[in-house]
Amino acid sequence: MQTITQKLAKFECMLREANVVALRGEFEELRDAVIAQGKELLRLSGRIKSLDNQNKKLTAEIKAKDAEIARLLHERHAPSADTKTAPKKKDTEENDGCDASSESTGTDSNNRNPKNYSADPPPSDKRQGGRGPKDWSSLPRVEVPYDGPEECPCGCGGTVRSFKIQERLQVIPAVYYVAITNVPRVRCRWRNGQEQMVSLPFTPSLLPGTGMGTSAIAHFVTQRFGWGLPWYRIETMLRYAGLKVYRSTLMRQANGAARAVMGIYYALVEAILGNSIRVFVDETPVPIIREGKGQTGKAYMYAVHRDDRPFGGSAPTATFFATRDTRAGHHIHDMFAGRSLIAQHDGYGGYAQFGKLGTALEHIVSAECWAHARRNFIKYYQTTGSDTAREIIDLIDELFRFERDISGLSPSLRKQERGRHQKPIVQKIFTRLEEIRSSELKSSKVGKAINYVLKRQESLSLFLENGHVDLDTNAVERQFKPIQMLRKNVYFMGSQEGGETWAVFSSLIETCKLNGVDPYRYFVWVFDELATLFHRNAQPVIDYRTFLPWNAPENCKVGSKSDAADQGVAVHLAA
């Protein structure tokens with residue numbers, strides 16, 4: 001078939017020749033061709049519309065899948081998924097993300113290092129190349145004989161005139177030894193009217209009949225609950241050291257040691273809940289073997305954390321953990337009943353009774369977390385790139401940016417500064433959310449994020465009126481990191497008793513870390529003292545507050561030198 005251009009050219013030629021008959025035939029053929037081309041264009045236009053609709057449908061499905069993938073990744077990597085804020089717009093000149101407790105940096109609103117579980121952080125000044133200055137002042141000095149040549153290497157016969165000190169860090173792995181004590185036996189001349197041999201009392205033991213010394217028990221407990229080693233791994237390490245100790249034995253002895261220090265644990269709980277102005281509370285799931293069923297269920301580890309440093313308080317920083325078999329609200333009520341303090345939490349419904357008149361919790365002031373309020377908008381922004389979500393994220397980041405400047409100030413100064421800088425931002429956030437809510441579906445993701453914040457206006461605004469309240473609960477969430485590490489290594493708790501042991505030792509160990517106390521030395525001291533007291537049957541008159549981590553002796557502090565006798569034994573056995 002000839003093209004339309006060719007036909008038009010032919011038509012023009014015929015027109016010049018005045019061939020009317022041929023002109024009429026060509027004209028009709030040209031008209032038919034134009035009609036056919038029009039039909040083809042209509043068909044292609046319909047096809048394009050169909051493909052466009054299909055493309056929109058597939059794009060919507062991809063966005064929904066991306067949102068689902070983001071949600072699943074967040075649930076799988078929750079500790080790290082919320083530590084990054086969505087990237088700023090290109091025209092933003094200043095990074096307004098909060099460092100402190102914000103998801104944009106991983107540090108808290110009190111300008112503290114979240115990985116600092118124990119002693120003071122290392123000095124900030126660093127040498128060239130990124131290496132920090134070494135500090136070996138707390139370590140014992142052991143003189144090692146020089147075994148090299150003592151004459152000048154050139155052969156001139158020069159002799160030693162002076163010495164140059166060389167220092168190198170060396171390590172002696174854990175040294176296990178059997179301590180043998182010769183307990184005297186004496187002759188009693190007036191026993192039952194005749195002479196008899198009488199053995200003097202043995203050295204008191206925390207767990208009589210086990211043959212385990214207090215330092216060994218302290219070592220195993222610290223490895224398990226302080227550094228996250230499962231029992232089977234400790235059993236393997238002991239086997240390579242030449243010892244055959246079964247994990248079941250280690251487990252029973254740890255449970256026995258937990259019962260021995262239970263009084264200290266309750267004293268710690270009372271010190272936190274009874275003598276605190278403000279605490280943080282949170283919970284995390286821990287798998288457990290259900291007794292009698294042989295199936296893995298879900299228990300919960302609750303944490304109550306006290307940290308008064310943000311508002312210049314002097315109370316020792318402390319944390320206690322409690323294991324419960326469910327997440328039911330009555331477990332929370334049992335812990336806080338009759339208390340009078342501020343409880344800052346993540347908004348879980350189990351804390352909804354805080355402050356309710358006519359209940360045992362009416363004196364608990366409920367404060368919620370801006371980091372959790374912002375988290376929902378971050379999730380939505382990461383999947384959709386919404387400008388609305390970006391706007392709210394930026395406003396909340398402004399709150400955290402100002403919060404960094406008032407860390408450590410008194411409550412009255414914090415309230416004053418917040419009223420000047422942060423109160424207008426909070427009002428702007430709530431006003432903007434009210435405007436947006438009218439145009440969003442309540443069931444949509446952004447609608448749920450908006451309703452989450454607006455339903456909590458009172459508890460989220462409490463920090464403006466009370467200088468003791470922080471913006472977030474990241475302080476207590478960081479305390480769960482050792483729990484999560486051990487949970488990953490052991491998979492589940494074997495029983496409710498094992499969960500209680502986990503909670504007791506984790507409470508004491510994490511409080512030791514927060515106060516710069518070496519958990520191992522602390523337990524050696526506590527176990528020795530308790531063994532002596534129990535041996536004298538003095539349990540009813542023990543003041544367990546004496547043994548709280550912040551009351552530990554100076555030689556239990558991180559960086560202090562260990563007992564010289566212990567060092568001598570270790571060096572002697574290593575030699």
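Arg437 is partly exposed in this predicted model, with a relative accessible area of 32%. Its salt-bridge partner is Glu434, the closest N and O atoms being 2.9 Å apart. Both residues belong to helix H12 and are separated by 3 residues, about one turn of the helix. Glu434 is likewise classed as partly exposed, at 37% relative accessibility.

Helix H12 (residues 423–437) also holds Arg432, whereas Glu391 lies in helix H10. The side chains of Glu391 and Arg432 meet in a salt bridge with an N to O distance of 2.9 Å. Because the two residues sit in these separate helices, the pair ties together parts that are 41 residues apart in sequence. Glu391 is partly exposed at 28%, and Arg432 is partly exposed at 26%.

A further salt bridge links Asp543 and Arg545. Asp543 is partly exposed, with a relative accessible area of 37%, while Arg545 is exposed, at 53%. Elsewhere, Arg278, Glu403, Arg414, Arg418 and Asp470 are joined into one network by salt bridges that share partners. The search of the whole structure finds 23 salt bridges, including those tabulated here.

| Salt bridge | N to O distance |
|---|---|
| Glu391 and Arg432 | 2.9 Å |
| Arg437 and Glu434 | 2.9 Å |
| Asp543 and Arg545 | 3.0 Å |

Turning to the interior, the largest nonpolar core has 82 residues, and those with the most contacts inside it are Ile264, Phe320, Phe336, Tyr522 and Phe527. Apart from this core lies another, of 35 residues, among them Ala367, Ala371, Val426 and Leu464. In soluble globular proteins, nonpolar side chains tend to be buried together.

Beyond its neighbours within four places in sequence, Phe320 is in contact with residues including Tyr265, Leu268, Tyr302, Met335 and Ser507. Ser507 belongs to helix H18 (residues 496–514) and is buried, with a relative accessible area of 0%. The side chain of Ser507 reaches the backbone nitrogen of Phe321 at 2.7 Å. With the same sequence neighbours left aside, the contacts of Ser507 are Tyr265, Leu268, Thr319, Phe320 and Phe321.

A second buried serine, Ser386, has 14% relative accessibility and is found in the loop between helix H9 (370–384) and helix H10 (387–403). A polar atom of the Ser386 side chain lies 3.3 Å from the backbone nitrogen of Ala389.

At the surface, Ile172, Val175 and Tyr177 make a nonpolar patch of about 260 Å². Tyr177 is placed in the loop between helix H3 (78–81) and strand S1 (185–191), and is partly exposed at 47%.

Note on methods: Residues are numbered from 1 along each chain as its sequence is written. This is a predicted model: local features need pLDDT of at least 70, side-chain atom pairs count only at pLDDT 80 or more; totals for chains, interfaces and linings use all residues. Side-chain values use heavy atoms; hydrogens and water are left out. Helices (H or I, at least four residues) and strands (E, at least two) are DSSP runs, numbered from the N terminus. Buried means under 20% relative accessible area, exposed over 50%, partly exposed in between (1.4 Å probe, protein chains only). A polar contact is a pair of N or O atoms within 3.5 Å; within protein, one must be able to donate a hydrogen and the other to accept it, and residues adjacent in sequence count only if both atoms are side-chain atoms. Patches are made of residues with over 30% relative accessible area and no salt bridge: like charges are joined within 9 Å, nonpolar side chains (Val, Leu, Ile, Met, Phe, Trp, Tyr) within 5 Å. Accessible areas come from the Shrake-Rupley method with a 1.4 Å probe; for residues, only the protein chains shown count as cover. A salt bridge is a side-chain nitrogen of Lys or Arg within 4 Å of a carboxyl oxygen of Asp or Glu. A nonpolar core is a set of buried Ala, Val, Leu, Ile, Met, Phe, Trp, Tyr and Cys residues joined through side-chain atoms within 4.5 Å. Contact means heavy atoms within 4.5 Å.
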